[in-house]
Amino acid sequence: MTSSSDLENPLAASALPHSYAPLPDGEQPAGNNPTIRRPRKAALFLVSAFLVLLFVVALIAGNGPVQRKDLNTEVSLTAPEKVTPLLSRGVEKGVSEKSFHPLLGADDNSYPWSSNMLDWQRTAFHFQPKKNWMNGPVFYNGWYHLFYQYHPDAPVWGKIVWGHAVSKDLINWRHLPIAMETDQWYDEEGVWTGSATILPDGQLVVLYTGSTNESVQVQNLAYPADPSDPLLVKWVKYPGNPVLVPPPGIDSKDFRDPTTAWKTPEGKWRITIGSKINKTGISLVYDTEDFKTFELLDGLLHAVPGTGMWECVDFYPVSKQNENGLDTSVDGPGVKHVVKASMDDDRNDYYAIGTYDAHKGKWTPDNPTLDVGIGLRYDYGIYYASKTFYDQNKQRRVLWSWIKETDTEASDINKGWASLMGVPRTVVLDKKTQSNIIQWPVEEINRLRTNVTVFKDVVVEAGSIVPLNLPAASQLDIVAEFEIDEKTVNRLNGDDVGYDCVKNGGGAQRGALGPFGFSVLATEGLKEHTPVYFYVAKGVDGNLQTFFCADQSRSSTANDVDKSIYGNIVPVLKGEKLSMRILVDHSIVESFAQEGRTCITSRVYPTKTINDNARLFLFNNATATKVTASVNVWQMKSAHI
């Protein structure tokens, strides 16, 4: 979480002027360390991201002069039209669409990407395969294991196998041979998402979805060939597979992604599997004693009409009092339970907090208006097929997710890889609100920090932008607190006009109390930049609503990449300062507001803001208030991946 020590480190504190002239009346502007980043490959593509295959985290165990600029300089307010997909991947096999702009051949209007531009996009501290298409974890005998959905033949979705990598710290990774191939009739068309369970005697078992030779989705059992091998290099598939087939009333392509198992009061193991009936998303419940024979319970864990197919369902407990994570089997009066599902219809991950009845195998949301699929999301940007695992090594629950590409397949093929994993995040219940979870990068990511630059109490007047001079700006960890002028807030009349990050013009749309924040991956003249910002709205009742947004509409001059604007309301309690953390790692930007109450992941593909051209700016595009910012910026070393 953000701490005072994060913001008051005296190292390299920078003296900036603390006031700036406002814009004229009527003007309404809409890695530095040696890296182990791998160069572009021409062979296999690893689209590192599909469904978070298997979170089998079985717990193996100095500044220049101030520049005031119109934030809209040389930038159009109109986002480009989306490229119409020419080729679908995954749907006919019974999974969600895996392509964004699936162009195997670029059309005449595609942007002329250079090798230098494409090479820059590869990240430095986010997990991704060396090449081609990817995606899940467990801690076992001292190693974190990440099993991910991997296409070994190209950087597009296809016949998926299980890639395998191991780590001691969730940051630096060693790639191992493919764990499971498509070598049986019951997984001939793909070894898909699965989950690992650690049994009381230390054994590790895995349930995974296989797509059969007839594209029927079935559940299969696998286990290590040598349990004494801490690297789990070789795996055995149970001879009696499949152990589960679609039950009556469930379509053969709507039965996938088994969860980690948890204990029932009767001592059995219980899992849930996502599906749908018509347009109602559901979570089927099965009990087992040996993971070979299963009993389908009469009821459902949960169902929400109108939400469509539920993929990658997750179910886990969170403590109401403590900050540590809980094993999946923990239950009791001090525990709430989270149900999460990846929605096939809109490709977003939704969650809700509620109460679990272990005897009936049913879960009920605390707030039905914030139910799964219609309420809260893990992330309001690009974040899908996520999965948590309980890390018993550090008594925490860790969340991983697949982050897709939002450029064209032509570009992915040229660079030789596609997709990556988001930075692993810890998950706890927000003890202050009791109505949402808190997500925060695992503490190990801080080991990559180096060369901090501190900007303390920087006053940014309305309509101003301030350059934060740094040695480099492509690999950053930014931690900041903002204060708006309280006298101005009290003086302003409220407004009944609602605000929406997506619909209200992004960072260039000016209001009395926002937007203000950072422009990351920016060029000197703001020809390209990605604003990450707060927008505060005062209602007619005098209450404030705070929005947290990320604006990709100006992130690139290319015409064949996504330029969406993302965001949502973030709860801000009385007495809290506005705080954000931003991890910039080349083509991915992960942003966290109010210690992780609201999160946004962006993929950006600049053409000019690469290498030494990347800059970082503070901006305040409000019309009525100044803001005071205290900022720490670390350069980030590259991880070994």
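**Exercise 1. Find how many bridges join strand β30 to strand β31, and which way the two strands run.**

Solution. Start with the residue ranges: β30 covers residues 530-538 and β31 covers residues 544-551. Seven bridges join the pair, and the strands run antiparallel. Keep in mind as you work that this is a predicted model. Next, pick a residue to follow across: Y533 stands opposite C549 in β31.

**Exercise 2. Place these strands in their sheet: what is the strand order, and which strands are at the edges?**

Solution. First, write down the order, β27-β36-β29-β30-β31-β32, which makes an open sheet of six strands with antiparallel pairing. Then look for strands that pair on one side only: these are β27 (464-467) and β32 (565-569), the edge strands. Finally, add the twist, which averages 20° from one strand to the next.

**Exercise 3. Decide whether P247 is buried or exposed, and work out which residues it touches.**

Solution. Begin by locating P247 in the loop between β11 (235-237) and β12 (262-263). Its relative accessible area is 10%, and buried means under 20%, so P247 is buried. Now list its contacts, leaving out residues up to four places away in sequence: P247 touches F255, L284, Y286 and L296. For L284, take one more step: it lies 37 residues from P247 along the chain, and the C-alpha atoms of the two are separated by 9.7 Å.

**Exercise 4. Identify the residues with the most contacts inside the largest nonpolar core.**

Solution. The largest nonpolar core has 64 residues, and those to pick out are I478, F482, F518 and L618. Apart from this core lies another, of 28 residues, including F127, Y150, W400 and M636.

Notes
Residues numbered from 1 in each chain as written. Predicted model: local features only at pLDDT ≥ 70, side-chain atom pairs only at ≥ 80, totals over all residues. Heavy atoms only, no water. Core = buried A, V, L, I, M, F, W, Y, C linked by side-chain atoms within 4.5 Å. Buried < 20%, exposed > 50% of the residue type's maximum accessible area, 1.4 Å probe, protein only. Pairing = 2+ DSSP bridges. Helix = DSSP H or I, 4+ residues; strand = E, 2+ residues; numbered from the N terminus. Axes fitted to C-alpha atoms, helices over the stretch in contact; angles between N-to-C directions. Contact = heavy atoms within 4.5 Å.
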